[in-house]
Amino acid sequence: MRAVHGWFPASSCDNSCIADESVAGRVRQGWRVFALLTTAAVVLSVGMVIGVLPRSVRARYVRTSAHLLISSLGIRIQVSGHRPQVSGHRPGDRARPGHAMIVSNHISFLDVLAIASVSPARFVAKAELAAWPVIGVITRRLAVIPIRRESLRDLPAVVHTARDGLLAGDSVGVFPEGTTRCGRGGGRFRPALFQAAVDTGVPVHPVVVSFHTSTGSLSTAACFIGADDIGDTMRRVLAAKGLVVRIRMCEQQLPGDDRRELALRCERAVFGHPAMLTSANTGSVALAA
């Protein structure tokens with residue numbers, strides 16, 4: 001998609017970033033396809049009634065569903081770092097304790113499932129997801145907040161929806177880079193959506209997501225970059241051997257009163273961890289809206 005405004009999120013990563021990796025056998029790949037389809041059917045069936053249940057039950061549904069879907073792809077999950085705290089709101093805020101705005105680097109549409117398997121949330125994700133086969137239905141079950149990246153006019157409404165979600169007691173997940181990258185570096189965190197945390201006083205929990213091979217080296221199998229479509233990424237993931245997603249929960253950040261300062265703090269928390277990622281690739285311009 002071509003850029004349609006000066007702040008349109010652009011990634012310097014393309015298909016040249018994707019490396020050859022070990023491939024699982026055909027039998028294992030076939031089993032993963034069967035497991036994924038079966039798991040998706042169960043998740044969608046249960047999700048038809050989940051909306052009328054209490055918030056705590058919905059959160060468990062999201063966490064369990066995300067974990068099952070990631071596992072059905074043959075991906076192992078490793079978690080480290082700080083778990084969300086229940087304190088830190090400003091006195092007098094209406095938002096309920098125990099939830100947060102979750103912000104993360106962005107590699108793939110699978111990031112949503114990986115993070116939700118640890119911290120269930122309503123994620124802000126590109127509106128095109130809703131039109132994808134199977135994925136679209138799952139995103140609606142997970143109450144994803146759609147954003148049309150080409151439209152700056154829609155941005156205030158997305159911030160408002162995220163703010164309402166935080167005030168209602170939901171965690172909200174955001175990918176502030178605005179686009180995906182291969183995982184070897186990162187872009188600037190755009191500050192617009194951080195306004196929802198500033199307005200509500202809800203703490204922000206930065207998260208680092210990275211995909212690795214069974215030997216621990218960085219994997220590009222799960223990337224969604226360049227000319228990739230959903231089929232390209234899914235074929236690489238289903239064929240990957242020993243794929244691991246690492247989720248590092250960074251130290252919680254209090255929102256303060258300045259969304260730009262908050263965005264910079266969270267950007268440094270995510271890309272300042274040398275064992276996971278570096279922020280060497282920061283060529284994109286921060287969204288000032």
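## Close-up views of the predicted model

**View 1. His212 stands opposite Val244 in strand S7.** In this predicted model, the view follows the pairing of strand S6 (residues 204-212) with S7 (residues 244-249), the two strands running antiparallel and being joined by 6 bridges. Strand S6 also pairs with strand S2 (residues 101-104), here in the parallel sense and over 4 bridges, and within this pairing Pro206 of S6 is the bridge partner of Val103. In a regular strand the side chains alternate between the two faces of the sheet. Along S6, Val204, Pro206, Val208, Ser210 and His212 point one way, while His205, Val207, Val209 and Phe211 point the other way, and all of these residues are buried. Because 9 of the 9 residues of S6 are buried, the strand is largely enclosed by the rest of the structure.

**View 2. Strand S2 is covered on both of its faces.** Met101 and Val103 lie on one side of S2 and Ile102 and Ser104 on the other, and all four are buried. Besides its pairing with S6 in the parallel sense, S2 is joined to strand S5 by 3 bridges, and these two strands run parallel. Val103 stands opposite Val174 in S5, and the bridge partner of Val103 in S6 is Pro206.

**View 3. Seven strands form an open sheet with mixed pairing.** The strand order is S1-S7-S6-S2-S5-S3-S4, and the edge strands, each of which pairs on one side only, are S1 (76-81) and S4 (145-147). Averaged over this sheet and with direction ignored, neighbouring strands are turned by 25° against each other. Strand S3 (residues 122-126) pairs with S5 in the parallel sense over 2 bridges, and here Arg122 stands opposite Val172 in S5. Helix H5 lies across S2, S3, S4 and S5 and runs at about 165° to S4, whereas helix H8 packs on the sheet by touching S2 and S6, its direction making about 35° with that of S6.

**View 4. Helices H1 and H7 cross at roughly 120°.** The axes of H1 (residues 26-50) and H7 (residues 230-239) come within 9 Å, and the crossing angle makes H1 oblique to H7. On the H1 side the contact is made by Gln29, Arg32, Val33 and Leu36, and on the H7 side by Met234, Val237, Leu238 and Ala239. Sorted by class, the residues of this contact are 6 nonpolar, 1 polar and 1 charged.

**View 5. Arg163 and Asp199 meet in a salt bridge between two helices.** Side chains of opposite charge can pair when their charged atoms come close. The structure holds 6 salt bridges, and in this one the side chains of Arg163 and Asp199 meet at 2.7 Å, N to O. Arg163 lies in H5 (residues 155-167) and Asp199 in helix H6 (residues 195-200), so the pair ties together parts that are 36 residues apart in sequence. Asp199 has a relative accessibility of 36% and therefore counts as partly exposed.

**View 6. Glu177 forms a salt bridge with Arg181.** The closest N and O atoms of this pair are 3.3 Å apart. Glu177 is buried, with a relative accessible area of 1%, and Arg181, at 3% relative accessibility, likewise counts as buried.

**View 7. The side chains of Arg188 and Glu267 meet in a salt bridge.** The N to O distance of this salt bridge is 3.1 Å, and the pair links distant parts of the chain, with Arg188 in the loop between S5 (172-174) and H6, Glu267 in H8 (residues 259-271), and the two positions 79 residues apart. Arg188 is partly exposed, with a relative accessible area of 31%, whereas Glu267, at 8% relative accessibility, counts as buried.

**View 8. The protein as a whole has a secondary structure of 8 helices and 7 strands.** Of the 289 residues in the protein, 50% are buried. When contacts between residues at least 6 apart in sequence are considered, 79% join residues at least 24 apart.

Technical notes: Residues numbered from 1 in each chain as written. Predicted model: local features only at pLDDT ≥ 70, side-chain atom pairs only at ≥ 80, totals over all residues. Heavy atoms only, no water. Buried < 20%, exposed > 50% of the residue type's maximum accessible area, 1.4 Å probe, protein only. Pairing = 2+ DSSP bridges. Axes fitted to C-alpha atoms, helices over the stretch in contact; angles between N-to-C directions. Parallel < 35°, antiparallel > 145°, perpendicular 65-115°, else oblique. Contact = heavy atoms within 4.5 Å. Nonpolar A, V, L, I, M, F, W, Y, C, P; charged D, E, K, R; others polar. Salt bridge = Lys/Arg side-chain N within 4 Å of Asp/Glu carboxyl O.
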